[in-house]
Amino acid sequence: MFGNLTLEAFQHDFVQTMAVMGGVVNGVLLIALITYLKKWKWLWNEWITTVDHKKIGIMYIVVVLIMFLKGFADAMLMRIQQATAAGATHPFLGSEHFQEIFSAHGATMIFFVAMGFMFGIMNLIIPLQIGARDVAFPFLNAVSFWLFTAGGMLILISLAVGHFSVSGWLSYPPLSGVEYSPNEGVDYWAWSIQISGIGSTFSGINFLVTILKMRCPGMTLMKMPIFVWSSLCAMVLVIFAFPILTATVGMLMLDRYLGMHFFTAGGGGNPMLYFNLIWAWGHPEVYILILPAFGIFSEVVPTFSEKRLFGYASMVWAMIVIAVLSFLVWLHHFFTMGASPNVNAFFGIMTMLVAIPTGVKIFNWLFTKYRGKVHFTSPMLWFFSFVLNFSVAGMTGILLAAPPVDFQVHNSLFLVAHFHGMVIGGVLFGFFAGFTYWFPKYTGFFIDERLNRMAFFCWFAGLLLAFMPLYMLGFMGATRRLDHYDPSTGWQPLFIIAALGGVIIFFGALIQFLGLFWSIYKRKENRDTTGGNPWNGRTLEWATHSPPPIYNFAFIPTVNQLDPLWADNPPKEEKREYQDIHLPEDTPVAFYIGTLCMILGFAFTWQIHWLGILCFAGILGLIIAHLSEKEKHMTITAEEVRKIEESYTKRQQTA
Amino acid sequence: MSEEISLNEEKKLWHGTYLSYGIGFFVSLIFTSISFLLVAFQVFPPEVLIYTVASFALFQAVVQLIFFLHLGQEGKPHWETFIFFFMLLILLIIAVGSLWVMNDLNERMMPKHMTTTHHD
Amino acid sequence: MTDSLIVHHTPEPHPDTGRPDPHQDYFSMRFIGFWVYLMTDCILFTTLFITYAVLHTNTFGGPSGKDLFELKLAFGETMALLFSSVTCGLAVLAAVHQRLRASLVWLGVTITLGLSFLTMELWEFHHFYSMGHSWRESAFLSSFFTLVGTHGLHITFGLTWAGVMVGQLLYHGLTVDTFRRLVLFSLFWHFLDLIWIFIFTFVYLMGVI
């Protein structure tokens with residue numbers, strides 16, 4: 001009746017039980033709070049059923065913050081383990097538990113923090129920057145979000161019910177096959193990744209079509225903001241890379257569920273094929289993450305230098321080259337798997353080539369600041385830290401790109417330090433900068449700048465302290481994913497410093513969280529009184545109110561050049577009458593599909609087949625029903641538009 | 001936001017004709033049948049057969065892309081065509097790359113029949 | 001601040017690749033969106049083809065394609081799918097000429113041919129299984145069943161879609177929505193025949209050479 005699910009699945013060790021209790025208590029408190037404030041109806045009508053890109057963007061970020069708590073807790077547990085486990089007879093965490101933690105840490109951070117943050121910011125900003133009212137397929141957008149959340153929930157549920165995978169964030173076979181991982185762990189991972197992966201593919205299609213077809217009149221491709229270009233390149237990568245992931249993880253699942261022999265050690269299977277295919281996805285994936293972060297810096301740096309971006313055209317070409325090259329380097333993730341020197345050399349050279357367009361971009365940002373009037377706001381501070389950390393980590397990447405070097409440090413802590421420098425120093429800091437930069441646009445008030453700077457310094461110092469020792473440890477021979485080591489190696493002091501770095505980052509993150517709540521509490525004092533453009537930005541999102549009305553722009557703008565708000569001769573002004581505005585109608589179907597997907601994933605993880613099949617039928621039925629309906633709209637009448645616009649003007653006058 | 005257009009305007013945006021389907025059908029029928037007959041009756045030696053049949057398949061695919069899927073007939077800017085060619089580029093990169101890599105790996109993993117070590 | 005952007009805009013007269021696309025109607029948007037989805041499906045099938053190419057010689061002592069494949073059956077399936085692709089096109093053409101009854105007839109023929117394709121394929125799978133050769137036997141059989149089976153699964157979804165289209169056309173007739181959905185279905189169906197060309201050639205024909 002319940003497949004493999006028994007009461008034993010709810011029994012965990014002390015640390016995990018505490019974590020689960022913490023999660024449950026928080027969940028219960030949240031439900032109690034919402035009930036007390038009588039906000040269920042509001043939550044349903046305004047958020048759960050919405051197809052508005054702005055609200056979906058905010059929801060993505062909320063889920064990201066929750067998943068970040070889990071992923072960061074995993075990281076701290078690992079740091080504590082490694083700092084204390086020098087020949088320890090009673091290690092803090094058991095071996096199996098440690099393996100689950102590093103697997104969950106990687107999967108959570110890549111798929112549910114980095115990807116989620118990226119889609120969240122893109123949702124918030126892209127339609128505004130191109131002068132559109134929404135994305136191309138608003139319903140599909142909502143489905144993508146709920147699929148993303150369903151995948152995240154599966155990882156959180158795995159904390160409480162049963163065990164997560166022990167085979168790392170990419171589940172390499174044969175360890176991840178049914179013979180060596182017979183329990184539910186890898187299945188949790190697989191369903192989580194597949195469900196959210198399909199959501200990502202849908203988002204890729206959605207944003208690609210949005211950017212290609214929904215730009216406002218006059219905005220040719222070479223007049224788009226760089227953030228839009230970076231998202232366009234990233235979405236092209238999503239579209240062509242994620243199907244590889246879907247097929248490959250699908251084949252792993254077929255091996256596990258149906259006894260097939262794609263990647264098994266016997267039966268003619270070839271585990272090396274998994275490595276090849278998964279990294280053919282995996283390498284473009286990291287470029288999917290970094291390109292939008294580059295785009296954010298291209299928005300932040302000119303604004304806070306009071307100078308146009310240097311070398312727009314070369315920035316665009318650099319991103320296109322990076323996007324294409326990202327498909328030509330994947331073997332560098334398994335130089336040591338045994339390919340011949342010619343093969344390794346080809347991929348090594350291609351990998352090094354990527355540094356060239358990346359360098360072009362970094363110099364362009366620096367040239368933008370040269371002779372500009374630089375404001376050292378916290379987004380700019382994130383940028384400076386990015387230049388330092390990303391460049392250093394990038395250079396270690398060039399080191400790793402040489403196969404002979406890689407043979408020494410592959411899968412050591414040197415590698416771990418490299419990619420954390422790229423992902424935290426590049427991706428995460430870019431998203432932090434964007435979050436701060438665009439926060440007043442979405443909420444109408446500012447994040448407390450002082451607290452933000454304190455958080456920044458903690459992250460900056462913490463990042464260096466947490467990962468510089470890891471470069472050294474890698475050279476000293478420490479491999480990744482170690483849960484204990486001999487004290488005679490002399491590694492412990494470095495692990496302790498790394499743990500200290502982790503603690504400082506913890507304080508940085510804590511200040512960010514508290515700062516967010518503090519800023520919300522103090523929102524009346526921190527209100528944006530400039531009428532929507534506090535930084536004197538140059539792109540279209542700053543041309544509408546803060547927060548934007550549901551229709552984004554009362555009149556779709558026309559542009560005739562790059563950086564329209566800094567235009568010397570903008571298009572001629574003409575007064576127009578307000579028109580009726582048609583927007584897509586909200587619907588609960590996306591939420592239902594996401595929920596059913598989550599239950600389906602859970603059901604098949606535990607082999608509760610009847611439940612899984614029932615969910616599948618439900619999903620199919622919902623899709624057919626939704627796609628058989630006439631497109632539904634809601635109309636905001638011209639009169640309502642006028643009232644909304646006037647309320648903004650009135651609000652600004654009283655400020 | 002997407003606009004509603006009339007049924008007649010929608011019809012103008014689709015580019016199929018009896019002629020296009022006719023041509024596509026006959027060409028596909030002929031090439032499929034020839035491929036089948038060539039292989040079923042082993043008309044050529046294996047190597048020749050492989051290249052012949054493969055090129056017939058590619059040709060038929062191009063025909064179906066143009067005459068059934070109307071590639072290239074969408075209005076300017078030709079986004080669908082552009083995206084198709086980019087997909088083709090990526091497809092070739094990952095297919096050729098994967099086959100090269102896997103072939104190379106398999107060769108080096110297979111037991112060698114030589115007694116001396118061999119460096120390639 | 002917003003006032004400076006209240007402008008009167010005329011539609012772009014002659015769009016080129018540089019300019020934004022003026023076709024922002026439901027049909028054009030959904031056409032290109034669906035087209036992009038088909039491109040992702042191409043990559044999915046590419047991955048399965050690569051896997052088949054790498055694993056098809058790993059028969060692990062069991063049968064190879066040469067031992068199992070019956071070319072006449074595969075040719076029959078190919079013909080069924082090719083004919084159904086054409087009749088699908090004819091269904092859309094009939095709809096363009098506002099001939100609802102003809103469109104429904106052609107759609108029915110398409111479904112029948114598609115069902116016969118599926119029947120032949122399922123018979124083939126069952127035939128292999130009854131001879132004791134399942135996907136559990138070797139990497140070759142795993143990759144064969146998965147590649148051909150994934151295509152068959154797409155066909156099944158397509159036939160479901162076609163069935164729903166019949167229902168919608170009977171209930172609503174030819175409207176902006178039903179015509180658009182019929183066109184998108186035809187794109188899907190043509191695409192599946194395109195993929196089948198490669199399966200027929202690279203799996204069945206090459207397997208027997």
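How many residues does the contact take from chain C and from chain B? The contact takes 50 residues from chain C and 48 residues from chain B. The legends below start from that view of a predicted model.

**View 1. Chain C meets chain B.**
Welcome to the place where chains C and B touch, with 50 residues taken from chain C and 48 residues from chain B. On the side of chain C that touches chain B, look for α1, α3 (71-96) and α6 (176-208) of chain C, each of which supplies at least two residues. The helix that gives the most to this side is α6(C), with 15 residues. Sorted by class, the residues on this side of chain C are 34 nonpolar, 11 polar and 5 charged.

**View 2. Chain C meets chain A.**
Here we turn to another partner of chain C: 43 residues of chain C are in contact with 54 residues of chain A. Two helices of chain C to find on this side are α1 (26-55) and α5 (139-172), each supplying at least two residues. With 15 residues, α1(C) gives the most to the side of chain C that touches chain A. The class count for this side of chain C is 21 nonpolar, 17 polar and 5 charged residues.

**View 3. Chain B and its two domains.**
Following chain B along its sequence, you will meet the pattern α-α-α-α, with 4 helices and 0 strands in the chain. Chain B is more spread out than a compact globule, because its radius of gyration is 22 Å, well over the 14 Å that the globule rule gives for 120 residues. Along the principal axes, its C-alpha atoms fill a box of roughly 75 × 45 × 15 Å. The chain is divided into domain 1 (1-73) and domain 2 (76-120). Taken over C-alpha atoms, the centres of domain 1 of chain B and domain 2 of chain B are separated by 26 Å. Of the 120 residues of chain B, 27% count as buried. Among contacts in chain B between residues at least 6 apart in sequence, 50% join residues at least 24 apart.

**View 4. The largest nonpolar core.**
This view takes you to a core of 295 residues, the largest nonpolar core. The residues with the most contacts inside this core are Ala114(A), Leu208(A), Leu237(A) and Phe297(A). Helix α7 (residues 226-258) of chain A gives the most to the core, with 22 residues. Chain B joins in too: the core draws at least three residues from each of domain 1 (1-73) and domain 2 (76-120) of chain B.

**View 5. Around Phe297(A), and a second core.**
Which residues is Phe297(A) in contact with, leaving aside its neighbours within four places in sequence? They are Trp365(A), Phe383(A), Phe386(A), Gly430(A) and Ala433(A). A second, separate core has 5 residues, including Tyr551(A), Ala554(A), Phe555(A) and Ile581(A).

**View 6. How confident is the prediction?**
For the model, ipTM is 0.95 and pTM is 0.95. Chain C has a mean pLDDT of 91, and 91% of its residues reach 70 or more. Residues 1-16 of chain C are a stretch where the pLDDT is below 50. Beyond near neighbours in sequence, this stretch of chain C has 34 contacts in the model. Where pLDDT is low, the predicted coordinates should not be read in detail.

Conventions:
Residues are numbered from 1 along each chain as its sequence is written. Chains are lettered from A and ligands numbered from 1 in the order in which they are written. This is a predicted model: local features need pLDDT of at least 70, side-chain atom pairs count only at pLDDT 80 or more; totals for chains, interfaces and linings use all residues. Two residues are in contact if their C-beta atoms, placed from the backbone, lie within 7 Å. Ala, Val, Leu, Ile, Met, Phe, Trp, Tyr, Cys and Pro count as nonpolar, Asp, Glu, Lys and Arg as charged, and the others, Gly among them, as polar. pLDDT is the predictor's confidence in each residue, from 0 to 100. A nonpolar core is a set of buried Ala, Val, Leu, Ile, Met, Phe, Trp, Tyr and Cys residues joined through C-beta atoms within 7 Å. A residue is buried if 20 or more other C-beta atoms lie within 10 Å of its own, exposed if 12 or fewer, and partly exposed in between; C-beta atoms are placed from the backbone. Domain bounds come from an automatic or database domain assignment. The radius of gyration is taken over C-alpha atoms; the globule rule is 2.2 Å times the number of residues to the power 0.38.
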